[in-house]
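This report goes through one protein model, starting with how far it can be trusted and ending with the surroundings of its ligand.

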Amino acid sequence: MRVDGKLYLNCKGLGHVPGINVGDHFYSRCEMMAVGLHSHWLAGIDYLGAAFKKAMPSRTFPVASSIVLSGCYEDDVDNAMDVVYTGQGGNDLLGKKHQIADQVMEKGNLALKNSMDQDLPVRLIRGNKTKKSYTGKVYTYDGLYKVKKYWAEKGKSGFTVYKFLLRRMEGQSVLTTDQVHFVSGNIPSQPSELRGLACADLSNGKERIPVPASNVVDKVPFAPNFRYLASNEVDKNLPDPIPAKGCNCKGGCYDVKKCSCAALNGKKFPYVSLNGGRLVEAVDVVYECGPQCGCGPSCHNRVTQRGIQYRLEVFKTASKGWAVRSWDTIPAGAPVCEYTGVLMRTADADDLFNNEYLFELDCLQTIAGIGGRQRRCLEENDIKISGTLKDAPEQPEYCIDAGTCGNVSRFINHSCEPNLFVQCVLNEHHDLSRARVWLCAADTIPPLQELCYDYGYALDSVVKDGQIKVLPCYCGAHTCRKRLH
Ligand SMILES: C[S@@+](CC[C@H](N)C(=O)[O-])C[C@H]1O[C@@H](n2cnc3c(N)ncnc32)[C@H](O)[C@@H]1O
């Protein structure tokens, strides 16, 4: 079955060969052989052997053609776009799936090494456990990957194993991991179960839920000089904003006609109470109830004030540095985390050119349509420009600098096809130029999918002394713009 360019295959057991039927929804492992995706019954690595030398004399054989990642090896790590694949041999595949002998650099292992040396792509097929199939397994063809490096190490059972780091090639259909929960069986229940644990809680207890970090890609320690801020620190040179008046509701806000905060939100409440609070839709700015409101802390119009509600993990990627994912499914519209750091005047920020963690607060400019980084919601002709907006400065006056301190959000990478969007939120005051920045789920996000938002830079927009800063994008999306800025 093809869904969004992905081929779904179903393992119906090795003895059953119904033949290839293009209209059929599922394929068995032997059908995988028949359609030429993978031609070994049991081995995870399929390769072209020495017999191919005659046809392609310039190539070094064996060369890998496909690998199946099906949870048979205890040392495999699957980060969707990056995979650490355990080589073949020495595994008790039909028993407890433990290593029982050292691996050797031959056959499939040598084929993967040769593929790396010759820069050749390898097909990646994932075996996914599912209760929906009577065999308990579904296979997906997840595109082409390249072997980036390999090494030998002592595996979990104490025997030498070869490890191959593979990275998904760019320019392919987006890996729609929301269709297949290939990693669902591997979600840790607590940080101590995490492979490559680099830090048990980078928030040092400042978040209600610990935020661990893991690294299975290299030996670089987790950002040692980093100071965690659960909420923004305000630069001492900034004047206090005028506090918002607040509504007169009692015990909660329910009546849109009477609640003055609902009035600011266009006579409606921005959140539905489901799953701890989800935005009904993305808007230019959300007016939450604040300290001066009569409704109290349990009011459903205070969702972001409850902090992070999902189990987030910082993990190392092969090409983008650190990144963030969730262990929980995040429902569409849910606020995930605030971008925190030091709130300061953009003019006072150090080295705008090189600071990779600066978030310019362009809410005002975006609403006024005068060059915010991205238009977030309303169409041009929906904008009702008030006096304040007409006078808005062309450039954002304030920014959040998360260079040396901030929270988990500073590790969230850019994607040209993001699963998060930027949502400005106000509660204590109503100064649009200093709105809080929340990252919210653009869609239902399955566990362990990398969280990303669109940084929204225009190309060639980062310039210093006439020099344009160019940063290549490795988001891997089909529609990738190839550059962050
Ligand atoms: C706000 S930081 C994100 C966290 C960062 N990866 C880290 O290790 O701390 C932004 C920087 O991450 C990297 N980055 C983010 N998204 C990227 C992407 N799609 N492709 C390549 N690099 C990316 C770039 O170096 C960028 O300047």
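## Confidence

Strand β19 (residues 335-338) has the highest mean pLDDT among the elements of the chain, at 98, and strand β1 (residues 2-3) has the lowest, at 32. Over residues 177-184 the pLDDT is below 50, and this stretch has 21 contacts in the model beyond near neighbours in sequence. Residues 1-27 also stay under 50, with 54 contacts beyond four places in sequence. Where pLDDT is low, the predicted coordinates should not be read in detail.

This is a predicted model. For the chain, the mean pLDDT is 81, and 78% of residues reach 70 or more. The model scores are pTM 0.68 and ipTM 1.00.

## An open sheet

Four strands form an open sheet in the order β13-β20-β22-β21, and their pairing is mixed. At its edges stand β13 (233-234) and β21 (358-360); each has a single partner strand, so one side of each is left without a neighbour in the sheet.

Three bridges pair β21 with strand β22 (residues 398-401) in the antiparallel sense. Leu-358 has Asp-401 in β22 as its bridge partner.

## Strands β3 and β4

Strand β3 (residues 45-48) runs antiparallel to strand β4 (residues 63-69), joined by four bridges. Leu-48 stands opposite Val-63 in β4.

Are the residues of β3 buried or exposed? Ile-45 and Tyr-47 on one side are buried, as are Asp-46 and Leu-48 on the other, and both faces of β3 are thus covered.

## Around the ligand

There are 15 residues around the ligand, and Gly-321, Trp-322, Glu-356, Asn-413 and His-414 come nearest. The shell divides into eight nonpolar, four polar and three charged residues.

Definitions and conventions
Residues are numbered from 1 along each chain as its sequence is written. This is a predicted model: local features need pLDDT of at least 70, side-chain atom pairs count only at pLDDT 80 or more; totals for chains, interfaces and linings use all residues. A residue is near a molecule or strand if its C-beta atom, placed from the backbone, lies within 6 Å of it. Ala, Val, Leu, Ile, Met, Phe, Trp, Tyr, Cys and Pro count as nonpolar, Asp, Glu, Lys and Arg as charged, and the others, Gly among them, as polar. Two strands pair if DSSP finds at least two bridges between them. Helices (H or I, at least four residues) and strands (E, at least two) are DSSP runs, numbered from the N terminus. A residue is buried if 20 or more other C-beta atoms lie within 10 Å of its own, exposed if 12 or fewer, and partly exposed in between; C-beta atoms are placed from the backbone. pLDDT is the predictor's confidence in each residue, from 0 to 100. Two residues are in contact if their C-beta atoms, placed from the backbone, lie within 7 Å.
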